[in-house]
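These are my notebook entries on a single chain. I set out to look up its elements, its core and the way its helices pack.

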Amino acid sequence: MGLLDMVGGLLGQGGQEQGNNPLMGAVMGLIQNHPGGLQGLLGQLQEKGLGDQVASWIGTGANQPISAEHIQTALGSDQLQQLAGQLGVSHDEAASGLAGLLPQVVDKLSPEGNLPEGGNVMNLLKGFLG
């Protein structure tokens, strides 16, 4: 399965692959292990100049996209290399996959324009995998 198929499978767009999405599992790990959790990760993206994009994902309107380059700049090489290693893909493929998936994940976690608190984030993410 290709990286774009994994992204498509996140929210049921890829048929039966949804439950076996390694990219989603890596995103869950990234959120869970990031200092401050989801809010900390989004804060890091905002600090790197992606505030408008992050706000669009949380809000109820259309999601603004981000590029793999934005992800590389915001997260840094170390985090991306770790993610790439978990997925068995290149650094660039990991950045591209995360750039495609993160806006969808944040959007689904904030359906009414509000982020969930603490443990609710992981429960909602696990629901995406099931």
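Before reading any packing angle, I noted how it is defined: axes are lines fitted to C-alpha atoms, for helices over the stretch in contact, and angles run from 0 to 180 degrees between N-to-C directions. I also kept in mind that this is a predicted model.

Entry 1, α3 and α4. I looked up this pair and found an angle of about 155 degrees, with the two axes 8 Å apart. Angles over 145 degrees count as roughly antiparallel, and α3 and α4 are therefore roughly antiparallel to each other. On the α3 side I listed Leu-41, Gln-44, Leu-45, Lys-48, Leu-50 and Gln-53, which meet His-70, Thr-73, Ala-74, Leu-75 and Gln-79 in α4. By class, I recorded five nonpolar residues, five polar and one charged in this contact.

Entry 2, α2 and α5. Here I read an angle of about 70 degrees and axes 11 Å apart. The range from 65 to 115 degrees counts as roughly perpendicular, so α2 and α5 are roughly perpendicular to each other. From α2, I noted that Leu-23, Met-24, Val-27, Leu-30 and Ile-31 meet Gly-97, Leu-98, Leu-101 and Val-105 of α5. The class count for the contact of α2 with α5 is eight nonpolar residues, one polar and no charged ones.

Entry 3, the core. I then turned to the largest nonpolar core and found that it has 33 residues. Leu-42, Leu-45, Trp-57, Ile-71, Leu-98 and Leu-102 have the most contacts inside it. The elements giving two or more residues to this core are α2 (22–33), α3 (37–58), α4 (68–87) and α5 (91–109). I noted that α5 supplies the largest share, nine residues.

Entry 4, Ile-71. Which residues is Ile-71 in contact with, leaving aside its neighbours within four places in sequence? I found Ile-66, Gly-76, Leu-80, Ala-95, Leu-98, Ala-99 and Leu-102. Of the residues with the most contacts inside the core, Leu-98 and Leu-102 are thus among the contacts of Ile-71.

Entry 5, the whole chain. I recorded six helices and zero strands, in the order α-α-α-α-α-α from the N terminus on. Of the 130 residues, 45% count as buried. Among contacts with a separation of 6 or more, I noted that 57% come from residues 24 or more positions apart. The chain exposes about 6,400 Å², and carbon and sulfur atoms supply 46% of that area.

How values were computed:
Residues numbered from 1 in each chain as written. Predicted model: local features only at pLDDT ≥ 70, side-chain atom pairs only at ≥ 80, totals over all residues. Heavy atoms only, no water. Helix = DSSP H or I, 4+ residues; strand = E, 2+ residues; numbered from the N terminus. Buried < 20%, exposed > 50% of the residue type's maximum accessible area, 1.4 Å probe, protein only. Contact = heavy atoms within 4.5 Å. Areas by Shrake-Rupley, 256 points an atom, 1.4 Å probe, with all protein chains shown as cover. Core = buried A, V, L, I, M, F, W, Y, C linked by side-chain atoms within 4.5 Å. Parallel < 35°, antiparallel > 145°, perpendicular 65-115°, else oblique. Nonpolar A, V, L, I, M, F, W, Y, C, P; charged D, E, K, R; others polar.
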